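Work through the exercises below with the sequence and the model side by side. Try each task before reading its solution.

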Amino acid sequence: MQRRAFLQSTAAAAAATVLPSMAAVGAKPAAHGPAPGFKLKYAPHLGMFEASAGKDPIAQIRYMAQAGFKAYEDNELMQRPVALQERIGETLAGNGMTMGVFVIDAGDNWKVSYTTGKKEFREAFVKTCRDAVATAKRVNAKWMTIVPGFFEAKLPVDIQTGHVIDAIRAGAEVMEPHGLTMVMEPLSDRPELFLRTSAQAYAIARAVNSPACKVLYDIYHMQRNEGNLIHHIDLAWDEIAYFQIGDVPGRKEPGTGEINYRNIFAYIHERMHKEGRDFVFGMEHGNASPGVEGEQRLIEAYRRNDDF
């Protein structure tokens, strides 16, 4: 996806302790085993650990585990070779990590598509959902990000909404028998994107009326589009299944912008434990500083904001 391309080239978050086998790539060996875990399941992505762990995806995931992270997300997972998907799944299982989201994109996420109601877009989406089921099984994934494309200026908004509901409901029929969940993501990247607020996503999820369709609340995008974050999280709470992180401005780690992530994390943590729920928090952002030192600062930022 275009909005995520910058993440692929970002070298980010390394850990206070590192796998001994990574000394060969310039990382400091772990003296006392894995670092302590976090209260929440923060999920890094490939590239965040490259300066410390090297380019190998499996080494990076092992590094994440040694750093104390309990989850991993991979927007581009469906484009990776099947053999690598299988190795990722094995590595996550071996390190007790939860697989976060990957993106479902039939090639229509960044253009006028589902809002038109045209059959070809719906059929392409359903086919990609079927492919996503196979991918999910290889890595033991539960959640997949979906984006319903751009506004269709020739149609009333409510008609467009009905078309989006029809398309997502068709995808949900594929996912539901497998216990999988699509999470709709409201975005702030471009004004022509159809899905922009958590309330809008909440209404669509209620209309689809399936456990296979929920909301991805990306705190970065929602700060830009609606603000008043905890209030809006409360309003959409029953339909939220996944969170993502990025500070504003800049889309870097917590503490580099205006969002009080420590308070937000503490609030979500308290409520989810009262209600017996659990979430993954995807680290969908870049690094504020480059290299091994920048990766260490990123880890330290998460330790500070997880200290509640």
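**Exercise 1. Determine how far strand β8 is covered, and place the strand among its partners.**

Step 1. Strand β8 covers residues 240–244, and 5 of its 5 residues are buried. Buried means under 20% relative accessible area, exposed means over 50%, and partly exposed lies in between (1.4 Å probe, protein chains only). Helices (H or I, at least four residues) and strands (E, at least two) are DSSP runs numbered from the N terminus.

Step 2. The model is predicted: local features need pLDDT of at least 70, side-chain atom pairs count only at pLDDT 80 or more, and totals for chains, interfaces and linings use all residues. Residues are numbered from 1 along each chain as its sequence is written, and side-chain values use heavy atoms, with hydrogens and water left out.

Step 3. On one side, β7 and β8 pair in the parallel sense over 4 bridges; two strands pair if DSSP finds at least two bridges between them. Tyr217 stands opposite Phe243 in β8, and the bridge partner of Val215 in β8 is Ile240.

Step 4. β8 also pairs with strand β9 (residues 280–282), in the parallel sense and over 2 bridges. Here Gln244 stands opposite Gly282 in β9. From β8 the chain crosses through helix α10 (residues 261–274) to β9, a right-handed β-α-β crossover. Right-handed means that, with the strands pointing away from the viewer, the path from the first strand over the helix to the second runs clockwise.

**Exercise 2. Write down the strand order of the sheet and find its edges.**

Step 1. The open sheet has 7 strands in the order β1-β9-β8-β7-β6-β5-β4, with parallel pairing.

Step 2. β1 (41–43) and β4 (102–103) stand at the edges; each has a single partner strand, so one side of each is left without a neighbour in the sheet.

**Exercise 3. Describe the pairing of β6 with β7 and the helices that go with it.**

Step 1. Strand β6 (residues 181–184) pairs with strand β7 (residues 213–218) in the parallel sense over 3 bridges. Helix α6 (residues 157–175) packs on the sheet and touches β5 (143–146), β6 and β7; its direction makes about 150° with that of β6. Contact means heavy atoms within 4.5 Å. Axes are lines fitted to C-alpha atoms, for helices over the stretch in contact, and angles run from 0 to 180 degrees between N-to-C directions.

Step 2. Met182 stands opposite Cys213 in β7, and Met184 stands opposite Val215 in β7.

Step 3. β7 is mostly covered, with 6 of its 6 residues buried. Cys213 is buried, at a relative accessible area of 0%.

Step 4. A right-handed β-α-β unit is made by β6, helix α7 (residues 198–208) and β7. Glu185 lies in the loop between β6 and α7 and counts as buried, at 0% relative accessibility. The C-alpha atoms of Glu185 and Gln244 are separated by 9.7 Å, although the two residues are 59 residues apart along the chain.

**Exercise 4. Check the length of helix α5 and list what is buried in it.**

Step 1. Helix α5 (residues 119–139) has 21 residues, which at 1.5 Å a residue should span 30 Å; its end C-alpha atoms are 31 Å apart, which agrees. The expected span is 1.5 Å times one less than the number of residues.

Step 2. The buried residues of α5 include Phe121, Phe125, Val126 and Cys129. For Cys129 the relative accessible area is 0%.

Step 3. The cover over the buried residues of α5 includes α4 (82–94), β3 (98–99), β4, β5, α6 and β6.

Step 4. After α5 comes Asn140, whose phi is positive, near 60°.

**Exercise 5. Repeat the analysis for helix α3.**

Step 1. In helix α3 (residues 57–66), 9 of the 10 residues are buried. Among them are Pro57, Ile58, Tyr63 and Met64.

Step 2. Their cover includes α2 (50–53), β2 (71–72) and α4.

Step 3. α3 is followed by Gly68, whose phi is positive, near 105°.

**Exercise 6. Summarise the protein chain as a whole.**

Step 1. The secondary structure comes to 11 helices and 9 strands.

Step 2. Of the 308 residues, 56% count as buried.

Step 3. Among contacts between residues at least 6 apart in sequence, 79% join residues at least 24 apart.

Step 4. The structure holds 0 disulfides, a disulfide being a pair of cysteine sulfur atoms within 2.5 Å.
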